[in-house]
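Here is a short briefing for a first look at this structure. Start with the view below, then follow the points by topic.

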Amino acid sequence: MIADVRALALRRRILPDGLDRLGDDDDLWEKGLSSFACLDWMLAIEEAFEIEFPQAAITRDGFRSIAAVTRAVDRLIAASARDWRAAA
């Protein structure tokens, strides 16, 4: 999953200097992530994984690193699966 989230970040060019030397836990804001790039990336993630970030999850901390975003995506996918099973 982390590779997929990273690939979307790379495709969306979220950082001005690229992701080549970026660790999964590196602070994206310190590396130059802008609010606009973050929003664009978030929308791409929502589309790719068919999820929706709740407003409470859309924070600087929630998008601080590739790892943090991946954890949020994992939680949202799991919650979506639980909701689907409960409705069936």
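Begin with one arginine. Leaving aside its neighbours within four places in sequence, Arg-6 is in contact with Leu-19, Leu-22, Gly-23, Asp-24 and Ile-66. Arg-6 itself belongs to helix α1, which covers residues 2-12. The model is predicted.

**Arg-6 and its polar partner**

- One of the residues that Arg-6 contacts is Asp-24.
- The two side chains, of Arg-6 and Asp-24, make a polar contact at 2.7 Å.

**Overall build**

- The chain holds three helices and zero strands.
- Its pattern along the sequence reads α-α-α.
- Helix α2 takes in residues 35-49, and helix α3 takes in residues 66-87.
- How does the radius of gyration compare with that of a compact globule? For 88 residues such a globule would have a value near 12 Å, and the chain has 13 Å, which agrees.
- Along the principal axes, the C-alpha trace spans about 45 × 25 × 20 Å.

**Surface, contacts and charge**

- Of the 88 residues in the chain, 36% are buried.
- The accessible surface of the chain is about 5800 Å². Carbon and sulfur atoms account for 50% of that surface.
- Take the contacts between residues at least 6 apart in sequence: 57% of them join residues at least 24 apart.
- The chain carries 12 positive and 16 negative charges. The mean positions of these two sets are 2 Å apart.

**Two more residues of helix α1**

- Ala-9 sits in helix α1. Is Ala-9 buried or exposed? Ala-9 counts as buried because its relative accessibility is 1%, and buried means under 20%.
- Beyond residues up to four places away in sequence, Ala-9 touches Ile-14, Leu-19, Trp-41 and Ile-66.
- Ala-9 and Ser-35 are 26 residues apart along the chain. Their C-alpha atoms are separated by 14 Å.
- Ile-2 also has its place in helix α1. Ile-2 has 31% relative accessibility, so it counts as partly exposed.
- Residues up to four places away aside, Ile-2 touches Asp-24, Ile-66, Ala-67 and Thr-70.
- Ile-2 and Gly-32 are 30 residues apart in sequence. From C-alpha to C-alpha they are 20 Å apart in space.
- Ile-66 is a shared name here: it appears among the contacts of Arg-6, of Ala-9 and of Ile-2.
- Asp-24 recurs as well, in contact with Arg-6 and with Ile-2.

**The loop between α2 and α3**

- Ser-65 is found in this loop, between α2 and α3. Its relative accessible area is 4%, so Ser-65 is buried.
- Which residues does Ser-65 touch, not counting those up to four places away in sequence? They are Asp-24, Asp-25, Asp-26 and Leu-28.
- Arg-60 lies in the loop between α2 and α3 too. With a relative accessible area of 48%, Arg-60 is partly exposed. The reason is that this value falls between the cut-offs of 20% and 50%.
- In sequence, Arg-60 and Asp-27 are 33 residues apart. In space they are 10.0 Å apart, C-alpha to C-alpha.
- Glu-50 is another residue of the loop between α2 and α3. Glu-50 is exposed because its relative accessible area is 70%, and exposed means over 50%.
- Glu-50 and Ser-80 are 30 residues apart in sequence. Their C-alpha atoms are 9.3 Å apart in space.

**Positive phi values**

- Most residues other than glycine have a negative phi.
- What is the phi of Glu-50? It is near 55°, a positive value in a residue other than glycine.
- Arg-13 also has a positive phi, near 50°, and is a residue other than glycine.
- Arg-13 has its place in the loop between α1 and α2. Its relative accessible area is 71%, so Arg-13 is exposed.

Terms used:
Residues are numbered from 1 along each chain as its sequence is written. This is a predicted model: local features need pLDDT of at least 70, side-chain atom pairs count only at pLDDT 80 or more; totals for chains, interfaces and linings use all residues. Side-chain values use heavy atoms; hydrogens and water are left out. Helices (H or I, at least four residues) and strands (E, at least two) are DSSP runs, numbered from the N terminus. The radius of gyration is taken over C-alpha atoms; the globule rule is 2.2 Å times the number of residues to the power 0.38. Buried means under 20% relative accessible area, exposed over 50%, partly exposed in between (1.4 Å probe, protein chains only). Contact means heavy atoms within 4.5 Å. Accessible areas come from the Shrake-Rupley method with a 1.4 Å probe; for residues, only the protein chains shown count as cover. Lys and Arg count as positive and Asp and Glu as negative; His and the chain ends are not counted. The place of a charge is taken as NZ of Lys, CZ of Arg, CG of Asp or CD of Glu. A polar contact is a pair of N or O atoms within 3.5 Å; within protein, one must be able to donate a hydrogen and the other to accept it, and residues adjacent in sequence count only if both atoms are side-chain atoms.
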